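Work through these exercises with the model open beside you. Try each task before you read its solution.

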Amino acid sequence: MTVGMINANPVVHERPERAAHHAHAAAAALDALDVFDTVRDIKDPEHPYSLEQLSVLSQESVSVDEKLGHIQITFTPTVQHCSMATVIGLCLRLKLMQNFPSHFKIDIKVAPGSLANEESVNKQLNDKERVAAALENPNLRQLVDDCLCSDHSSSY
């Protein structure tokens, strides 16, 4: 347990069985399940659980419009004053950038009403310059990289 943890005892949900999802042929369309499977195992920055296990993410929180080249993820922090919401968003963005073609526009948002500083975090997570600057910080980058390390990684 980390000193100063905002949510020391989060509710942990059982991991549901992975839905049967057949590998796509090269020309098949990208869908929300492809994206969700890519990000579901990201580790929470404060806990040894995945974002899925903490219900920070669900398949329903992902939308994809391949025709417009758009991926959107809306995540729900475990508490209203989550100090790690920006880190979670950076993890999501970096994982998507690493696994999907660069022509996709990625929007990462906090679920409406789920975070006290929601507007500020949304602005940070969707500003390319702020994201680039954050990922240049070695300590922050190490935290993000640690969250991205998992036993189940996938790429498209």
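A cavity is a set of grid points where a 1.4 Å probe fits but cannot get out, and its lining residues have an atom within 4 Å of a point. Keep in mind that this model is predicted.

**Exercise 1. The cavity**

Task: Find which residues line the largest cavity, and sort them by class.

Solution:
- Step 1. Count first: the structure holds one cavity of 30 Å³ or more.
- Step 2. Take the volume, which is about 50 Å³ for the largest cavity.
- Step 3. List the lining: Asp44, Glu46, His47, Leu54, Val56, Thr78, Cys82, Met84 and Ile88.
- Step 4. Sort the lining by class: five residues are nonpolar, two are polar and two are charged.

**Exercise 2. The pocket**

Task: Describe the largest pocket and say which elements supply its lining.

Solution:
- Step 1. The volume of the largest pocket is about 300 Å³.
- Step 2. Its lining has 13 residues, and those nearest the centre are Arg93, Met97, Phe104, Ile106 and Lys128.
- Step 3. At least two lining residues come from each of helix 2, strand 3 and helix 4. Strand 3 gives the most, with three.
- Step 4. By class, the pocket lining has six nonpolar, two polar and five charged residues.

**Exercise 3. The strands**

Task: Decide whether strand 2 runs parallel or antiparallel to strand 1, then do likewise for strand 3.

Solution:
- Step 1. Start with strand 1, residues 62-65. Four bridges join strand 1 to strand 2, and the two run antiparallel.
- Step 2. Check one pair: Asp65 has His70 of strand 2 as its bridge partner.
- Step 3. Look at the link. Strand 1 and strand 2 form a hairpin with four residues between them, and Gly69 in the turn has a positive phi of about 65°.
- Step 4. Move to strand 3. Strand 2 pairs with strand 3 in the parallel sense, over six bridges. Thr74 stands opposite Lys109 in strand 3.

**Exercise 4. The two sides of helix 3**

Task: Work out which residues of helix 3 are buried, which are exposed, and why the buried ones share a side.

Solution:
- Step 1. Pick out the buried residues of helix 3 (118-125): Val121, Asn122 and Leu125.
- Step 2. These three cover an arc of only 100° around the axis, so they lie on the same side of helix 3.
- Step 3. Recall the general rule: an α-helix has 3.6 residues a turn, so residues three or four places apart point the same way.
- Step 4. Turn to the other side of helix 3, where Glu119 and Lys123 are exposed.
- Step 5. Find the partners. The buried residues of helix 3 pack against strand 2 (70-75), helix 2 (85-99), strand 3 (105-110) and helix 4 (128-136).

Definitions and conventions. Residues numbered from 1 in each chain as written. Predicted model: local features only at pLDDT ≥ 70, side-chain atom pairs only at ≥ 80, totals over all residues. Heavy atoms only, no water. Buried < 20%, exposed > 50% of the residue type's maximum accessible area, 1.4 Å probe, protein only. Arc of directions from axis to C-beta. Contact = heavy atoms within 4.5 Å. 1 Å grid on protein atoms, 1.4 Å probe; cavity = no way out; pocket = protein on both sides within 12 Å on 5 of 7 lines; lining within 4 Å. Points joined across faces, edges and corners; volume = space filled by probe spheres on them. Nonpolar A, V, L, I, M, F, W, Y, C, P; charged D, E, K, R; others polar. Pairing = 2+ DSSP bridges.
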